[in-house]
Amino acid sequence: MKNLFTDVLIVGAGPTGLFLSNILASFNIKNVLIEKNKSTVKEPRAVSIDDESLRVIQSLGVINKFLNKISINYGSYYISPNGKNFAVIEPTSKTYGFHKRNSFDQPDLEDLLLKNLITKYKSNVFFNTEFLNFSQKQDYVCSNIITDKKKFQITSKYVVGCDGANSTIRKLLNIKLIGSSFKENWLIVDLFNSNNKFRHTQVFCDAKRPCITLPGPRGIRRYEFKLDQSESKKDCYKSDFIKKLLNAKGESNNSIIRRKCIYTFNALIANSWYKNRILLAGDSAHQTPPFAGQGMNSGVRDALNLGWKLAFAIINCNSKILKTYEQERKNHISEMIKISLLMGSILAPKNKILGFLTRLLFYIISYYKPAKDYVTQMKFKPKPSLNDGFLWRTYKNEENQLIGQLFPQPIVDDFKGNQYLLDDILGNDFCIIIYASSPENFISDKLIKKFKTKNINIVGITPEWINPIKTNFNIVRDSSKTLSNKQYNNCLNKAFFIRPDKYIATITKAQNFESIYYLIDEFKIKLD
C-alpha cells in the first residue's frame, strides 16, 4: 500500500469512529478510517440508542433504513425482591423527533454506517490495520500504520483516536484517565430466541443478586447479572451456572446463548482530550457505567460535536475552534456518569435496608405528580446543554436559558400541508430560524443571498396556531406543538442561530438577525 494523504485519520471503526467518518464525509472532508480488527463487530455490545443518536443518523440520510431494525420506545420496570414493580420509567415525549429509549443490535448499526461510507461517500476504510505511532508537525501528523505485515504512512491534518477503552493513541499521548473502576464483576448474557416477550427493560433491584434484562429486536434479549466476589470467572462461564441464573428469571432452555462475557464497569474521563492535532473521542476519552444506557450515545455526541468543528477548522484553516470540543463535551459526560452511578445504586443496593429505603422513596414520589413525572418521563437525564464554547450570550434571562441548548425537532408542515421532521428542512450547515407569526416580514432576497455566501440557511417557523405562507424561503408550521411552551413562546419574533449540531449558538431579535452574519468572523478573531 502506498503512503496516503488525507484531512483526517480516524483510528477505530466502532460506532464513534463510523459516525465521525460519516459526519466528516457529509461536509466533504476527506478522511481515512482504520480498524485493527478484520471487520466491524459481529456480536452485540451497546444495546441502547437514544433520540439524540437517532437524530444524528437522520442527518446522515439513513434513518428510515435503521428504524425498521430496532425496537422503538421501551421503558424500564423496577422490580423489588418480592417481584413487585415499585417504579416505572416510560417517557412519551419526542422533543428531538424520536423516542428517548430504543434498543438495537450493534452489528446492524455498524453495517449500515459502513455501507453508507463506502457507497455514498466512497471513503477509504481499512480493516486488519493497526496504528503504530506518530510524529506531530506544526501543520500535520505523520502516522505509521501496519497492514498485512506491511508498514506505510498516512499524513493528515488531524488524527482522532476512537480506538476504545484501551486506546493506543491515548497511551502514546500519555493522557491519564481520572475516576474509578467498579470492583464488582457483571456477567453479560445475550440470547437469541428469548422466550421473555416483555417489551420493556426489567430491573431486578435485589441486594443478593441484582439483574437487569433488556429487550432487543428480533427476539434478542440481554441479561446482566452481578457476580458475587466469591464466584470465579471460570465457574461463571459454565453452562449450568448460566442456565440456573436464566431459569430463575423465567428463561427456558430453548433460548440460544449468542454471547457471554464478564465486564468490570468504569467511570473514567481522560484528563485531556487532545494534544495539538491529535484528539480523542468515545471510550478513548471517557468510559461510562452502562446503567443509564449512555456509553455509545455519549460517543455519538462526541462525533457530532467534533465532526463539524473539524470541518470548520479545515475549511477556515483555523484549528483553535477545536479547543471548544473538550470544553463543551466534558461537563456533560461527567453529568452522565453521575446519573449512571445513581441508577446503578438503585439497581444494586449495598444491602436490604438501602433497597427498602429506595423503594420507599419511589412510593412517596408516586403521590406527587411533578416528582412522578420527573422520574417517569426521564427528566432526570442531564439535558444536552453547553455553558461555554461556540456561543454568544444575550442580555435577557429567558434567552440565556435557551442558548447552548439543543434545539427541538418538531414535526412541521409547509404551506401545502406536507409534513417533515424539522431537520429535513434545516439541513446540516449553519442555520437561522426565525420564529414568528410572520417570518417573511423580517427577511429580504438580498439578506438571503448574503447569508448563503457563508453557507447559512434561513428557515421560518410559525407557531402551531399560524399557517405558513409560500414565499422566497422555507416557512413551516410547528404542527406538533413542540415549541408551544413558555420558554419558546417568550421567543416569538426572535431569530435563533443554529449550529450544524443543532445547538443554539445565540438568539437575537428577528429584526436584528443580520448581526449574526458577522458572528462567525468575530469568532475567528476571538480564537486568534
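These exercises work through helices, strands, cysteines and salt bridges in a predicted model.

**Exercise 1. Helix α4**

Task: Check the length of helix α4 (residues 106–119) against 1.5 Å a residue, then decide how far the rest of the structure encloses the helix.

Solution:
- Step 1. The expected span counts 1.5 Å for one less than the number of residues. For the 14 residues of α4 that gives 20 Å.
- Step 2. The end C-alpha atoms of α4 are 20 Å apart, which agrees with the expected span.
- Step 3. Now take burial, meaning under 20% relative accessible area. The buried residues are Gln106, Pro107, Asp108, Leu109, Glu110, Leu112, Leu113, Leu114, Asn116 and Leu117.
- Step 4. That makes ten of 14, so α4 is largely enclosed by the rest of the structure.

**Exercise 2. A three-stranded sheet**

Task: Give the strand order of the open sheet that holds β3, β4 and β7, and find its edges.

Solution:
- Step 1. The order is β3-β7-β4, and the pairing is antiparallel.
- Step 2. β3 (48–49) and β4 (71–72) each have a single partner strand, so one side of each is left without a neighbour in the sheet. These two strands are the edges.
- Step 3. Look at one pair. Two bridges link β3 to strand β7 (residues 102–103), in the antiparallel sense.
- Step 4. Fix the register: Ser48 faces Ser103 of β7.

**Exercise 3. A hairpin**

Task: Describe how β5 and β6 are connected, and pick out the turn residue with a positive phi.

Solution:
- Step 1. Strand β5 (residues 76–79) and strand β6 (residues 85–89) run antiparallel, joined by four bridges.
- Step 2. Ile79 stands across from Asn85 in β6.
- Step 3. Five residues separate the strands, and the whole is a hairpin.
- Step 4. The turn residue is Gly83, with a positive phi of about 90°.

**Exercise 4. Cysteines**

Task: How many disulfides does the model hold, and how far are Cys142 and Cys211 from their nearest cysteine sulfurs?

Solution:
- Step 1. A disulfide needs two cysteine sulfur atoms within 2.5 Å. The count is zero.
- Step 2. For Cys142, the nearest cysteine sulfur belongs to Cys317, 18 Å away. Cys142 is buried, at 11% relative accessible area.
- Step 3. For Cys211, the closest cysteine sulfur is in Cys205, at 10 Å. That is too far for a bond. Cys211 is buried too, with a relative accessible area of 0%.

**Exercise 5. Salt bridges**

Task: Examine the salt bridges of Arg258, Glu328 and Lys238, and say what the first two pairs tie together.

Solution:
- Step 1. Begin with the total: the whole structure has 22 salt bridges.
- Step 2. Arg258 pairs with Asp105, with 2.9 Å between the closest N and O atoms. Arg258 sits in strand β17 (residues 256–263) and Asp105 in the loop between β7 and α4, so the pair ties together parts 153 residues apart in sequence.
- Step 3. Check the accessibility of both partners. Arg258 is partly exposed at 21%, while Asp105 is buried at 4%.
- Step 4. Glu328 pairs with Lys309, and their closest N and O atoms are 2.5 Å apart. Glu328 belongs to helix α9 (residues 323–347) and Lys309 to helix α8 (residues 295–316), so this pair links parts 19 residues apart in sequence.
- Step 5. Glu328 is buried at 3% relative accessibility. Lys309 is buried at 0%.
- Step 6. Extend to networks. Salt bridges with shared partners join Asp105, Asp108, Arg218 and Arg258 into one network.
- Step 7. Finish with Lys238 and Asp235, whose salt bridge has an N to O distance of 3.2 Å. Lys238 is partly exposed at 46%. Asp235 is partly exposed at 37%.

**Exercise 6. Surface residues**

Task: Which residues form a nonpolar surface patch with about 290 Å² of accessible area, and where does Lys137 lie?

Solution:
- Step 1. The patch consists of Ile353, Leu354 and Leu357, and the area of about 290 Å² is for the three together.
- Step 2. Place Leu357: helix α10 (residues 352–365) contains this residue. Leu357 is partly exposed, at 46% relative accessibility.
- Step 3. Lys137 is in the loop between β9 (129–136) and β10 (141–147). Its relative accessible area is 42%, hence partly exposed.
- Step 4. Compare sequence with space. Lys137 and Lys369 are 232 residues apart in sequence, and their C-alpha atoms are 59 Å apart.

How values were computed
Residues are numbered from 1 along each chain as its sequence is written. This is a predicted model: local features need pLDDT of at least 70, side-chain atom pairs count only at pLDDT 80 or more; totals for chains, interfaces and linings use all residues. Side-chain values use heavy atoms; hydrogens and water are left out. Buried means under 20% relative accessible area, exposed over 50%, partly exposed in between (1.4 Å probe, protein chains only). Patches are made of residues with over 30% relative accessible area and no salt bridge: like charges are joined within 9 Å, nonpolar side chains (Val, Leu, Ile, Met, Phe, Trp, Tyr) within 5 Å. Accessible areas come from the Shrake-Rupley method with a 1.4 Å probe; for residues, only the protein chains shown count as cover. A salt bridge is a side-chain nitrogen of Lys or Arg within 4 Å of a carboxyl oxygen of Asp or Glu. Two strands pair if DSSP finds at least two bridges between them.
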